[in-house]
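Please read the points below with the structure open beside you, and look for each element as it is named. They begin with the sheet and end with one arginine.

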Amino acid sequence: MLTLTVRVHPARERTGLAELREGTRVHARGPAVASAAPALAARRGNPGCEALRPWGHPPFGGYRLLRCLRARPEFGDEYGDHVLLFEPESGPALEAESHGRLALLAYSGPAGRDGRMRRTQGGLRLPERMLLDIVQRLRGVMEMTLRIEPLRAPAWWQFWRRAEDTMPLSATEPAFAAPPADEASVMEALLMDPAVARRAPRRPVREEPRGRDEDRHSDDRRDSSSGGPDPGGERFRGRGGEGAGAGASGNWDDARARPAGVDQAGRILAAGAATAAAAALASQGAAAASRAEQKRAGSGDERAETDTPEASGPAAASGFPGYPDAGGSAPDSGSEGSSTAY
């Protein structure tokens, strides 16, 4: 495949340097012009010759050859004998497509009245001999790429390199600046040709295969970030102080699903009630024993009597919802029992 590389100073005030390669072999080197005519660009609404806009300098970036064809004889004074039509592929050249720069023309043409290479209408001008060499080699290769790059001066520490020589540009303006012979009209006519109007398919970006570990970690991250159901089928939701505690509980269980008498932490409140009932029974028994001792001391022969306690067993816990009273029946759900907060 042929590769044409053109390096030009960003100011575009002088010629650039062109190099034609096929693989690692260099076939030709010479000057090239990648500078638009300022006066012509100003008349077309681009006074700064901005590369991204039509009639400006050729944009930097990569191009692919669409077609090589012979120029019409009446256009020879501007384009020479052959015209190369390139399509932008990368860099600012591809960005300029959105501004209407769909293609780039490369051609030769005669020098100006001062003998120097002339500016273009936005295309690329090559020496006649180099363009003829390209045309001859394309008969066997049929593929070619173009790269336009900035020309940089050697850095201060590159003492072994010399600044590459370039030449000033001609003051002669391009010919055929009006349709149908101007560059824009020629490119439009070529792109309307069914043989070149089809855009080359873009190669899709190929994804690198991932290992099992990467797939597993990706699935774990997706599950944890999506807030999906947990293995038990429950979805975590903050309760916002629902149930006995104040504040957000962050509980996995619904308060309505807990049995009565069980708080958020799962503690059975009846245990506290049983302890209170046992203490009351012990106090009542001690009082009864004291009264019986006093009666025995007063009468001597009189039979000691003991009082029966007022409450015993689970009856003391009858005030806690959900637990049966002493008679074995559950209390009314509408009634409220007294309880002690622990």
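1. A definition is needed before the sheet can be discussed: two strands are said to pair if DSSP finds at least two bridges between them. In this predicted model, seven bridges join strand β2 (residues 16-22) to β3, and the two run antiparallel. One of these pairs of residues can be looked up directly, since Gly16 has Ala32 as its bridge partner in β3.

2. Turning to the chain as a whole, it has eight helices and eight strands. Of its 342 residues, 32% are buried, while the area that the chain exposes comes to about 21600 Å², with carbon and sulfur atoms supplying 52% of it. When contacts between residues at least 6 apart in sequence are considered, 59% of them join residues at least 24 apart.

3. In what order do the strands of the open sheet stand? The order is β3-β2-β1-β8-β4-β5-β6-β7, with mixed pairing across the eight strands. Because β3 (25-32) and β7 (124-125) stand at the edges and have a single partner strand each, one side of each is left without a neighbour in the sheet. As general background, strands of a sheet pair through backbone hydrogen bonds, and they may do so in a parallel or an antiparallel sense.

4. Strand β4 (residues 61-70) deserves a careful look, with β8 and β5 as its neighbours in the order of the sheet. With β8 (residues 144-150), β4 pairs in the antiparallel sense over four bridges, and here Gly62 has Arg147 in β8 as its bridge partner. With β5 (residues 82-90), β4 is joined by eight bridges, again running antiparallel, and Arg64 has Glu87 in β5 as its bridge partner.

5. Where does Arg101 lie? Arg101 is found in the loop between α3 (91-95) and β6 (104-107). Arg101 is buried yet has no salt bridge, and the nearest side chain of opposite charge, that of Glu183, is 6.1 Å away; for a salt bridge, a side-chain nitrogen of Arg would have to be within 4 Å of a carboxyl oxygen.

6. Which backbone oxygens lie beside the polar atoms of the Arg101 side chain? The backbone oxygen of Ala51 lies 2.9 Å from a polar atom of that side chain, and the backbone oxygen of Gly56 lies 3.3 Å from one. Leaving aside residues up to four places away in sequence, Arg101 also touches others, among them Glu50, Leu52, Arg53, Pro54, His57, Pro88 and Gly122.

Notes: Residues are numbered from 1 along each chain as its sequence is written. This is a predicted model: local features need pLDDT of at least 70, side-chain atom pairs count only at pLDDT 80 or more; totals for chains, interfaces and linings use all residues. Side-chain values use heavy atoms; hydrogens and water are left out. Buried means under 20% relative accessible area, exposed over 50%, partly exposed in between (1.4 Å probe, protein chains only). Lys and Arg count as positive and Asp and Glu as negative; His and the chain ends are not counted. A polar contact is a pair of N or O atoms within 3.5 Å; within protein, one must be able to donate a hydrogen and the other to accept it, and residues adjacent in sequence count only if both atoms are side-chain atoms. Contact means heavy atoms within 4.5 Å. Accessible areas come from the Shrake-Rupley method with a 1.4 Å probe; for residues, only the protein chains shown count as cover.
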